[in-house]
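Q: I have a structure open in front of me and I don't know how to read it. Could you walk me through a few features?

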Amino acid sequence: MTKYNSFKEIKQALASKETNCVALVNHYLEQIEANKNLNVFLKVYADEALQKAAEIDKKIKNGTAKRLAGMVIGLKDVLAYENHGLQASSKILNGFQSQFTATAVERIIAEDAIIIGRQNCDEFAMGSSNENSAFGPTRNFADPTRVPGGSSGASAVAVQADMCLASLGSDTGGSVRQPAAFCGVVGLKPTYSRVSRWGLIAYASSFDCIGPITKNVEDAALLLEIIAGADDHDSTVSFLPVPEYSKNLSPKKQYRLAYMREALESEGLDEDVRAKTFEKIEWLKAQGHIVEAVDYPLMKYLLPTYYILTTAEASSNLSRFDGVRYGHRASGVKNLEQLYKKSRAEGFGAEVRRRIILGTFVLSADYYDAYYTKAQRVRRLIKESTDKILSKYDFLISPTTPTTAVKIGEKSDDQLKMFLMDIFTVQANVIGNPCISVPNGENSEGLPIGLQVLGKNFDEENMLAFAKIL
């Protein structure tokens, strides 16, 4: 079967009867089976997807099909889908089935998308490599000895390896964009509150965003258009009207762009990544755009601020997983305290336990002001300083990641090195702004490199139009 690289190609093929939805689903199922070694899907909804495909083929025939008819999508294992398993890739939710469907998932199903399965991820979306899953690491399709990034690593590999056309992931500190860069696909993090978080298992509630991973900007724009908007279930969601992103992808003639001098002068930046980024900067200048370096001394505070605040929120959010109400419950306990301790010790992996402990520490009475309160103040400074840059420029550009995909196990024993993989992506989550990663070529070993574009709040329309020319 022909490999389709965009939803536009699929719609044309469906219209000309070159293919149908059942054939598409069968193709993706074959790809999933052929690439089982990559450990991407925790559960494949084969029969269900084929049944839905047959129904949509009938809709296409009688002219009642909706906007996503023919789009086959995978879901990261943190998004609720009624009567389907939901585990956040953790033992603590063994056997749990969702009682409802996330708003974002509900909206794509209403537009005739076909859900093909549930995808592996770092446990509770905590990680940068997809090595923290209770179900084992996911492998990068470009080189199976390397990580795909995280925490939405499997969702990126599914698109990279043509196991589905698109995936829905979650982005708390770059978890959509960083794996998109490692896998050579597009990853979009919308403005915080642009998309309802109802049905997303919480990691850090003031950071979490649902975003699409696709093969191109056009498909990302269409999915955002469908999943964004007001939702009565989520009190934090924006009620601003949702533009028709997919129909407004024509770029302006000239953009003003900034890049942080500190980012491209960083010692930890891989030389191939640096070279590709400067190559793109020179190309943009040749196209008539203004690209200038800006000083950003607060860059060194991005990661500390992010990790202090997200671990604090995680320690609170994950307190609900206690062995009492759902999921794993320890056996052989004699009292409630033992039940809590043993269930959580058995159910949570090492990285999740580490972040809960760190978060509990920074929220403790003795250290609350020294860490949590101070980090909130720095968060405000980071927001104000970034907004000041964006008042003079249209976008802030940078490499998405400091390196290409690392070998499996290479950094998993060194937490500081692992955290540094997120150094360019966390800024967008700390301040809530929209951000997108697009492919920016490959290094000498054929490993994908990403370029990141950070925009103004609720300016996804212009950001997507600019990303399209990249």
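A: Let's talk about the sheet, some helices and the salt bridges, bearing in mind that this is a predicted model.

Q: How do I read the sheet, and in what order do the strands come?

A: The general idea: strands of a sheet pair through backbone hydrogen bonds, either parallel or antiparallel. Here eleven strands make an open sheet with mixed pairing, and the order is 1-3-2-4-6-5-10-11-9-7-8. Strand 1 (41–44) and strand 8 (290–294) are at the edges; each has a single partner strand, so one side of each has no neighbour in the sheet. On average, neighbouring strands are turned by 30° against each other, ignoring direction.

Q: In which sense do strand 7 and strand 8 pair?

A: Strand 7 (residues 256–260) pairs with strand 8 in the parallel sense, over five bridges. Look for Tyr 259, whose bridge partner in strand 8 is Ala 293.

Q: Which strands does helix 16 touch?

A: Helix 16 (residues 460–469) packs on the sheet and touches several strands, including strand 5 (186–189), strand 7 and strand 9 (395–399). Its direction makes about 5° with that of strand 10 (435–442). Helix 2 (residues 21–34), in turn, lies across strand 1, strand 2 (72–76) and strand 3 (114–119), and runs at about 15° to strand 3.

Q: How many residues of helix 5 are buried?

A: Eight of the eight residues in helix 5 (residues 153–160) are buried. Among them are Gly 153, Val 157 and Gln 160. The cover includes strand 1, strand 2, strand 3, strand 4 (166–171), helix 6 (177–183) and strand 6 (209–214). After helix 5 comes Asp 162, with a positive phi near 60°.

Q: What about salt bridges? How many are there?

A: Side chains of opposite charge can pair when their charged atoms come close. The count here comes to 22 salt bridges. In one of them, Glu 225 meets Arg 67 at 3.1 Å, N to O. Glu 225 sits in helix 7 (residues 217–227) and Arg 67 in the loop between helix 3 (46–62) and strand 2, so this pair ties together parts 158 residues apart in sequence. Glu 225 counts as buried because its relative accessibility is 11%, while Arg 67, at 39%, counts as partly exposed. Arg 67, Glu 111 and Glu 225 are linked in a network of salt bridges.

Q: How far apart in helix 12 are Arg 354 and Glu 351?

A: An α-helix has 3.6 residues a turn, so residues three or four places apart point the same way. Arg 354 and Glu 351 are three residues apart in helix 12 (residues 350–363), about one helical turn. Their side chains meet in a salt bridge at 2.3 Å, N to O.

Definitions and conventions
Residues are numbered from 1 along each chain as its sequence is written. This is a predicted model: local features need pLDDT of at least 70, side-chain atom pairs count only at pLDDT 80 or more; totals for chains, interfaces and linings use all residues. Side-chain values use heavy atoms; hydrogens and water are left out. Two strands pair if DSSP finds at least two bridges between them. Helices (H or I, at least four residues) and strands (E, at least two) are DSSP runs, numbered from the N terminus. Axes are lines fitted to C-alpha atoms, for helices over the stretch in contact, and angles run from 0 to 180 degrees between N-to-C directions. Contact means heavy atoms within 4.5 Å. Buried means under 20% relative accessible area, exposed over 50%, partly exposed in between (1.4 Å probe, protein chains only). A salt bridge is a side-chain nitrogen of Lys or Arg within 4 Å of a carboxyl oxygen of Asp or Glu.
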